[in-house]
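Colleague: Before I plan anything at the bench, could you take me through this model, one question at a time?

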Amino acid sequence: MKRLKNEASSVRRFKLSYILLGLAAFYLVLICVKFPEFLESAKVLSSDDADVAIDVEGDGVESSTSGFHNNVREYVQVTPREEDNEAFAHKEPRKLHYGRITAAILKRQSMERNLSILDRMADEAWNLGSKAWEELDKYEEKGIEMNSIHEGKPESCPSWVSSSGAQLAKKDHMMLLPCGLSAGSSVTLIGTPHYAHHEYVPQLSRAGDALVLVSQFMIELQGLKSVVGEDPPKILHLNPRIRGDWSRRPVIEHNTCYRMQWGTAHRCDGLPSKYDDDMFVDGYLRCEKWMRNDIVDTRESKIFSWFDRFIGRAKKPEVTWPFPFVEGRMFVLTIRAGIDGYHINVGGRHVTSFPYRTGFTLEDATGLAIRGDVDIHSVYATSLPTSHPSFSPQRVLDFSEKWKSPPLPQNHIQLFIGVLSATNHFAERMAIRKTWMRASAIKSSDVAVRFFVALNPRKELNSILKKEADYFGDIVVVHFIDRYELVVLKTIAICEYGVQNVTAAYIMKCDDDTFIRIDAVLREIQRVPPRRPLYMGNLNLLHRPLRTGKWAVTFEEWPEDVYPPYANGPGYIITSDIAKHIISQYRNRSLRIFKMEDVSMGMWVENYNSSTPVQYSHNWKFCQYGCMEDYFTAHYQSPRQMFCLWNNLLKGKAHCCNF
């Protein structure tokens, strides 16, 4: 028995040693898993900011972002004023009493948990923008053939291009037209329309026939996309609808689209155009006739036909062709650029013509896009130009001393205007410099104007932008990669610049396709008594977010049923105290950011209004769409229209140029 007892005690000691070894192994595994987090915390704590709080740093600026004062570069030597810095000083933030390691870990977890999709997108854009700016310096140091661009030497392009259907499919049904088009250029497509398929149309659900047969395709001549997330301009939109649309008859629709705003559609439905001068394009009718089952030609009545044969009068033969597109049948379509417009031929016959529209030039048509119910077999583009003016910025940018921007005024000014612009909008900025930026209020230093431009993924465009900014001195480069969803960051930059680099009573935001009557805007501001902070523009009330479609807003992005009152983005005005509030909220990361910048401004003003009453001022003359007589601002104005509007103002007339 004694031997058995000794054996049992040895077994217990053996099992205990295994348990201790197992615990030690588990502890080592745990250390290996948590060691990277410990190193990261130690790295955070090794930096200079010794006092770590969860919400804000000691200087009131988030440590995860360096703020716009580090990310915005302006090519005029301007420093914030001392009195502005004193007025804009932040209060000492409240410290949370955690240990250094605990505070750093909690801060990191809090930031990761609270970042929205838009915040993450913005952080990524800032990082990519900083890298793009650093790479730009290296890019210029390498001396890559940039002199040909800066000096206005045209880049050589092929006179013809072609693509097979398989090649086109690999490129998302897009074909590059390197230097655009010119008069005499033509694009020929060989394709076969699909057979019709059923589509559900919600608008017809009440009529009980929501399923309709559809067979249609779109052929578009497109310009360069200026901002990621924004559709490129459609210089020509050609849309044959074989099974028709609401008219229930085959139709061919033509249109244009600039900055995601469609023009007036031009439709051909089988009825010939009237024989008026306005209905001819280079001598061709806008719409040719084709067979329609719903039209009975009275000239073909039996009585008149018998009478003509009786008197022996010969009848001139008239041929009416069917609709040029048939499901499952191959077609050959040619788009030819004429003097006054585009001419569309199908199967060798002229079908329609579409006149050029103001603001859309042939050389801008640098891409061909084909979408819809069609199989493309091949595409040929011939008689193409071999150079492009946009590849020679001197043909767009007028490097003359008289267009340089004067230095920022040292005294207080009435109005600061921040113009949102895209990297490759050289023509738009040049048009503004030559038109409404020549207003007397700007020359007398009552008003200052700056362009706010983010960076482009293309290095050569950023290089040209830098040269433009260096010369004219009126561009503020915001160091992030431009995206449509992040335009709101430029608006924040305008607010910061307006309160730190200039002393302006009012700050106005507009787009680079907005024409401003500065004298009229100043009179409108002075008409409002300066009793309270001001928010002025074309106000929208009780607008609801769209939950479906292209402009859909998810409930995560905007959970509320309606938007706050907000002024349309093409042109609105706030007072400097509202701008200071926005920058203060942004710096402590309490500013809510939404992808629609005009709605964001309305949200920020509403937040400020909860503590300080704000005076809302509405006027339709801050035009959202196009232009109206006696306007304050006109939107969607091409460079040509801006020159026309300016010439009208010089004549003393505030007339629109809606050709």
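**Salt bridges, cavity and loops**

Modeller: Asp398 lies in the loop between E18 and E19, and, since this is a predicted model, what follows is computed from predicted coordinates.

Colleague: Is Asp398 buried, partly exposed or exposed?

Modeller: The class follows from the relative accessible area, where buried means under 20% and exposed means over 50%. The relative accessible area of Asp398 is 27%. Asp398 therefore falls in between, and counts as partly exposed.

Colleague: Which residue forms a salt bridge with Asp398?

Modeller: In general terms, side chains of opposite charge can pair when their charged atoms come close. For Asp398, the closest N and O atoms of the pair are 3.3 Å apart, and the rule for a salt bridge asks for a nitrogen within 4 Å of a carboxyl oxygen. The partner of Asp398 is Lys434.

Colleague: How many residues apart in sequence are the parts that Lys434 and Asp398 tie together?

Modeller: Lys434 belongs to helix H9 (residues 426-434), whereas Asp398 sits in the loop between strand E18 (374-382) and strand E19 (413-421). Because the two residues are in separate elements, the pair ties together parts of the chain whose distance in sequence is 36 residues.

Colleague: Which residue forms a salt bridge with Arg433, and where does that partner lie?

Modeller: The closest N and O atoms of this pair are 2.9 Å apart. The pair links distant parts of the chain, 35 residues apart, with Arg433 in helix H9 and its partner in helix H11 (residues 459-472). That partner is Glu468.

Colleague: Are Arg433 and Glu468 buried or exposed?

Modeller: A residue counts as buried under 20% relative accessible area. Arg433 has a relative accessible area of 3%, and Glu468 has 0%. Arg433 is therefore buried, and Glu468 likewise counts as buried.

Colleague: Which residues are linked in a network of salt bridges?

Modeller: The pair of Arg433 and Glu468 is joined by a salt bridge, and both residues also belong to a network of such bridges. The members of that network are Arg429, Arg433, Glu468 and Asp474.

Colleague: How many Å separate Asp398 and Glu468 in space, C-alpha to C-alpha?

Modeller: Asp398 is the loop residue that forms a salt bridge with Lys434, and Glu468 lies in helix H11. Although Asp398 and Glu468 are 70 residues apart in sequence, their C-alpha to C-alpha distance in space is 9.9 Å.

Colleague: Which helix holds both Arg523 and Asp519?

Modeller: The side chains of Arg523 and Asp519 meet in a salt bridge at 3.8 Å, N to O. Arg523 is partly exposed at 48% relative accessibility, and Asp519 is partly exposed at 42%. The two residues are 4 residues apart, about one turn of the helix, and that helix is H13 (residues 518-527).

Colleague: How many salt bridges does the count come to?

Modeller: The rule requires a side-chain nitrogen of Lys or Arg within 4 Å of a carboxyl oxygen of Asp or Glu. The pairs of Lys434 with Asp398, Arg433 with Glu468 and Arg523 with Asp519 are described above. By this rule, the count of salt bridges comes to 19.

Colleague: What is the volume of the second largest cavity, and which elements each supply at least two residues of its lining?

Modeller: A search of the whole structure finds 2 cavities of 30 Å³ or more, and the second largest has a volume of about 30 Å³. Its lining residues divide into 7 nonpolar, 1 polar and 1 charged, and include Thr491, Lys509 and Tyr572. The elements that each supply at least two residues of this lining are helix H12 (487-500), strand E22 (504-511) and strand E27 (571-575).

Colleague: Which residues form a nonpolar patch on the surface?

Modeller: Leu16, found in helix H1 (residues 2-45), is partly exposed, with a relative accessible area of 49%. The patch has about 400 Å² of accessible area together, and its residues are Leu16, Ile19, Leu20 and Leu23.

Colleague: What is the phi of Asp172?

Modeller: Most residues other than glycine have a negative phi. Asp172 lies in the loop between helix H7 (165-170) and strand E3 (174-176), and is exposed, with a relative accessible area of 63%. Although Asp172 is not a glycine, its phi is positive, at about 60°.

Notes: Residues are numbered from 1 along each chain as its sequence is written. This is a predicted model: local features need pLDDT of at least 70, side-chain atom pairs count only at pLDDT 80 or more; totals for chains, interfaces and linings use all residues. Side-chain values use heavy atoms; hydrogens and water are left out. Patches are made of residues with over 30% relative accessible area and no salt bridge: like charges are joined within 9 Å, nonpolar side chains (Val, Leu, Ile, Met, Phe, Trp, Tyr) within 5 Å. Accessible areas come from the Shrake-Rupley method with a 1.4 Å probe; for residues, only the protein chains shown count as cover. Buried means under 20% relative accessible area, exposed over 50%, partly exposed in between (1.4 Å probe, protein chains only). On a 1 Å grid over the protein atoms alone, a cavity is a set of points where a 1.4 Å probe fits but cannot get out, and a pocket is an open set with protein on both sides within 12 Å along at least five of seven lines; lining residues have an atom within 4 Å of a point. Grid points are joined across faces, edges and corners, and a volume is the space filled by probe spheres set on the points. Ala, Val, Leu, Ile, Met, Phe, Trp, Tyr, Cys and Pro count as nonpolar, Asp, Glu, Lys and Arg as charged, and the others, Gly among them, as polar.
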